[in-house]
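Visitor: I have a structure to show you, and I would like to know the reasons behind the labels people put on it. Could you take me through them?

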Amino acid sequence: MEVRIPYGTNGILEVKIASPVVLAHPPGVDASPIKDLDVATREVLASPLELPPLAQCITGSDRVVLALRRGTPRGSEILAAIAKYLLPFLSSDGQLTILRTELDAKAGRGDPRPYLSANEQQLIEIKTHCADHQEDFALLARFHNGRPLRLNRVLVDADVVIPVGWSQPGGAWGVYGASGTIFPGFSDRLAQLGHWREVVRSSGSKATPSRRRNRRHGQIGLEANWLLGTQFAVEVIPGICESILKIVAGTMIATKKAARADYRKWWCPEVESKTDLVVAGVDHEPARTVWENLAQAAWSAARLVRR
């Protein structure tokens with residue numbers, strides 16, 4: 001039997017196998033992606049989940065920050081669509097700022113200006129988060145466990161913060177999506193290392209079930225959002241090769257719940273029986289892929305392995 005496994009940008013791994021194999025074909029591979037991201041984004045902003053239209057959630061003088069999660073597919077286009085929606089509702093006293101990670105900046109991500117008019121480009125500000133620049137941080141509050149929550153000063157000084165993230169399986173090292181955008185992504189290096197060290201340590205512990213560990217790490221991100229006063233979120237469900245299957249917007253909880261259900265429908269296939277060996281392909285450009293993609297592939301493959 002010959003098996004073809006897509007990987008990379010246009011790569012195909014062809015394997016001839018004598019024994020029977022099970023092909024787990026996620027429905028998301030064949031799902032039709034969104035053709036017009038600008039229109040689709042504006043539609044969900046005008047009709048969000050459990051909230052009035054985004055235009056009614058801000059005032060003209062607000063300082064609005066769009067915080068982009070690292071590696072969000074088509075993030076620049078999504079940011080441009082949100083900016084086009086918001087700018088008409090902001091007065092001269094208002095401000096729209098894009099906050100992106102340093103790794104996104106180096107990869108050329110998180111810059112909506114190529115998709116905006118010359119006038120719109122003048123009305124937005126783009127900031128790059130550097131985890132090692134201590135002068136860029138401000139103490140917001142303390143978590144319930146007493147640990148300080150220090151975030152990029154742009155977030156702390158904002159009137160409205162809108163996280164923009166992308167869906168991934170919660171089993172891949174904690175929480176992903178819009179709800180995990182703010183923390184630890186826009187905290188300082190010490191907090192980031194401490195958070196991921198705890199995630200890795202607890203991942204190796206057999207005493208705590210994985211579902212409970214993931215919920216605990218997810219609660220930290222949600223607590224950071226609550227302390228910051230974040231209400232509105234935008235989350236995209238990725239398709240193959242940087243395409244987008246769906247955009248969800250609304251309250252943090254409603255967005256997370258809806259996006260997770262759609263993600264699992266498209267990207268978490270079920271098989272009749274598990275096996276001893278699973279091969280998973282990662283269909284992203286190697287030079288621009290993020291480690292979360294590898295974690296996603298590893299988690300998806302691991303759940304199909306016989307233990």
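Guide: Let's start with Arg150 and Asp188, whose side chains meet in a salt bridge at 2.4 Å, N to O. Keep in mind that this is a predicted model.

Visitor: What makes the contact between Arg150 and Asp188 a salt bridge?

Guide: The cut-off is a side-chain nitrogen of Lys or Arg within 4 Å of a carboxyl oxygen of Asp or Glu. Arg150 and Asp188 are 2.4 Å apart, N to O, so the pair meets the cut-off.

Visitor: How do you know that the pair links distant parts of the chain?

Guide: Look at where each partner sits. Arg150 is in strand β7 (residues 148-152), while Asp188 is in the loop between β8 and α6 (189-203), and 38 residues separate the pair.

Visitor: Is Asp188 buried or exposed?

Guide: Buried means under 20% relative accessible area. Asp188 has 7%, so it is called buried.

Visitor: And why is Arg150 called partly exposed?

Guide: The partly exposed class lies between the 20% and 50% limits. Arg150 comes to 24% relative accessibility, and therefore counts as partly exposed.

Visitor: What makes Arg63 and Asp159 another salt bridge?

Guide: Their side chains meet at 3.3 Å, N to O, and the limit is 4 Å, so the label applies. This pair also links distant parts of the chain: Arg63 belongs to strand β3 (residues 63-68) and Asp159 to the loop between α5 (153-156) and β8 (160-166), 96 residues apart.

Visitor: Which class of exposure do Arg63 and Asp159 fall into?

Guide: Arg63 has 41% relative accessibility, so it counts as partly exposed. Asp159, at 42%, is partly exposed too.

Visitor: What about Glu77 and Arg74?

Guide: Their side chains form a salt bridge at 2.6 Å, N to O. Glu77 has a relative accessible area of 23%, so it is partly exposed, and Arg74 counts as partly exposed because its value is 25%.

Visitor: How many salt bridges does the structure hold?

Guide: There are 12. Elsewhere, a network of salt bridges links Asp38, Arg42 and Lys84.

Visitor: Now to the empty space. What is the volume of the largest pocket, and which residues are closest to its centre?

Guide: The volume is about 1400 Å³. Of the 48 lining residues, Ile5, Ala24, Val279, Ala280 and Gly281 are the closest to the centre.

Visitor: How is that lining made up by class?

Guide: The lining of the largest pocket has 31 nonpolar, 13 polar and 4 charged residues.

How values were computed
Residues are numbered from 1 along each chain as its sequence is written. This is a predicted model: local features need pLDDT of at least 70, side-chain atom pairs count only at pLDDT 80 or more; totals for chains, interfaces and linings use all residues. Side-chain values use heavy atoms; hydrogens and water are left out. On a 1 Å grid over the protein atoms alone, a cavity is a set of points where a 1.4 Å probe fits but cannot get out, and a pocket is an open set with protein on both sides within 12 Å along at least five of seven lines; lining residues have an atom within 4 Å of a point. Grid points are joined across faces, edges and corners, and a volume is the space filled by probe spheres set on the points. Ala, Val, Leu, Ile, Met, Phe, Trp, Tyr, Cys and Pro count as nonpolar, Asp, Glu, Lys and Arg as charged, and the others, Gly among them, as polar. Helices (H or I, at least four residues) and strands (E, at least two) are DSSP runs, numbered from the N terminus. Buried means under 20% relative accessible area, exposed over 50%, partly exposed in between (1.4 Å probe, protein chains only).
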